Amino acid sequence: MNSPNQHRSTISLIAFTTFFPLVIVPGAPFWKPGLIFDTELAQALEMFQLFPKVLVLLLIGLLGMLSLREIQWRKPFVLLLSVHLLLVLVSSLNARDDWSYALLGPQRRLDGLLYHLGLVLFGIFAYQMLLKLPHLRITLMAALFVGGSIQAVLALLQRLQLDPIGPLVKWSMYSSPVGSLSHPGMLAGLLLPTILLGIWLTIEQSRKEYRWLTLLGLFLSALALGATGNRAALIALIVGVVGLSLIHRTWRTLLISTFAVMSVFCVQFVVPNPQGFTREYTETNTLESRFQIWALAYQSLSKIPGAPLIGGGSDAFRLSLLRDPPVADLLELTKTELAWPRDAQVANATVVMPPREQLRSRYIHVEFERFGGQANIKRDYPITLDKAHNLLLDRLLAFGGLSAMLWVVLYLFPVWKSWGNRNLAWLWITIALMVYYLAWFPVVGTEPLHLLLVAMGWASISSAHSGNIRSTPS
């Protein structure tokens, strides 16, 4: 890769790392937000918010690969990502789904073949750049921190009812802090590494003015994480800060880590909440619903042809529920998530598919004997559950058992190889991300940035190994 190409590739990678979550098309002021899929059940504004991110990811991956003079295909990280792409292709063919869903992915997600192609190309490009320019790692960490801090500011503005994103894409403000990622859990998945990076950058920063800037970004990110109310990210953050504190063993690390965690809980005292967003960390229905979702995911394995060796495509979970709906279990989950009144008594429940509609239009029609003090109430509940809320289960359903094992190796092998040098920033961030992913799933807006952190780990152990080989006498 020649010097001008290398410079352009470096700048594009830094810009992508900083601004990728902000990629949207502000179409709402000019025309009604459109949907890629022609269905009344579509909830997300894919055309304005998700599809642009997929295209940008694919573009940066393609251009990045073209800019590389030499690609080290035999590197384990590159081979693992290539195998993942092959598994995505095989499982998509196994899905027995419409080609548009296989190519673009399910509604509200858009994590189909196009997305995974862009993800793999981007991951390989970033890894190769980190191998060639090891010092780029620090710059990319700073870029990730800046990008996450921007999302924190957006989320806090949304909590203050000053949302600059929602009106651009859907004519109305978001009802909870989401940044530009459309869901509090997704935002939490970005703020988690942002906070851990903020702690590390503050510890390592020697210049006082920069240290105050990183502390400000850390404080805002922690407040925004508290505003999301995401318990998985909070638990993962605690794991990360405990690890950093035990390894560094300095008062500065302990104080900054404690400051970050306490700031998460201080949001209700520091930032007004005029919208009355009331999600709390003490709620138990989220954990209960997770267990129910995992049980449904386990049942779905028997409905996917070829499982668990191969999966049923990126929308495998929802397709299995639509093709053979476990009505009683789905109603139990709906009862938990929507907090039905205690007197709710179901008289009859039937699966309905409107005439001349596609499979994804199916819903459960429920007739209640009593519901909230009223008699003979009827409700319709669409079958929209599409993710198992666990990285390994989601990969197992979508792309098979080999895919699930592959992602365990991608995340944890660098941690194992570098365990003797536990003060590495990316190591504890990777551990925290794996904890977060035990109760969440990859999404278009954050997974590429998580993969970049994983690529840092793999490039780090590869560089260390190469250095050992060079220093060994022949």
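**A chat about a three-stranded sheet and a helix pair**

Reader: Hi! I see some strands in here. How are they arranged in the sheet?

Author: Hello! This is a predicted model, and in it three strands form an open sheet in the order 1-2-3, with antiparallel pairing.

Reader: Which strands are at the edges?

Author: Strand 1 (345-352) and strand 3 (374-382) are the edge strands, each pairing on one side only. On average, neighbouring strands of this sheet are turned by 15° against each other, direction ignored.

Reader: And how many bridges join strand 1 to strand 2?

Author: Seven bridges join strand 1 to strand 2 (residues 363-371), and the two run antiparallel. As for who faces whom, Val346 stands opposite Phe368 in strand 2.

Reader: Nice. Which helix packs on the sheet?

Author: That's helix 15 (residues 327-338), which touches strand 1, strand 2 and strand 3. The direction of helix 15 makes about 65° with that of strand 2.

Reader: Switching topic: at what angle do helix 3 and helix 17 cross?

Author: The axes of helix 3 (residues 76-94) and helix 17 (residues 401-417) cross at roughly 155° and come within 10 Å. An angle over 145 degrees counts as roughly antiparallel, so helix 3 is roughly antiparallel to helix 17.

Reader: Is that crossing left-handed or right-handed?

Author: Helix 3 passes helix 17 in a left-handed crossing.

Reader: Which residues meet there?

Author: From helix 3 you have Phe77, Leu80, Leu81, Val83, His84 and Leu87, and they meet Leu402, Ser403, Leu406, Trp407, Val409 and Leu410 in helix 17.

Reader: How many of the contact residues are nonpolar, polar or charged?

Author: The contact of helix 3 with helix 17 has ten nonpolar residues, two polar and no charged.

Conventions
Residues numbered from 1 in each chain as written. Predicted model: local features only at pLDDT ≥ 70, side-chain atom pairs only at ≥ 80, totals over all residues. Heavy atoms only, no water. Axes fitted to C-alpha atoms, helices over the stretch in contact; angles between N-to-C directions. Helix = DSSP H or I, 4+ residues; strand = E, 2+ residues; numbered from the N terminus. Parallel < 35°, antiparallel > 145°, perpendicular 65-115°, else oblique. Left-handed = near helix turned anticlockwise from the far one by under 90°. Contact = heavy atoms within 4.5 Å. Nonpolar A, V, L, I, M, F, W, Y, C, P; charged D, E, K, R; others polar. Pairing = 2+ DSSP bridges.
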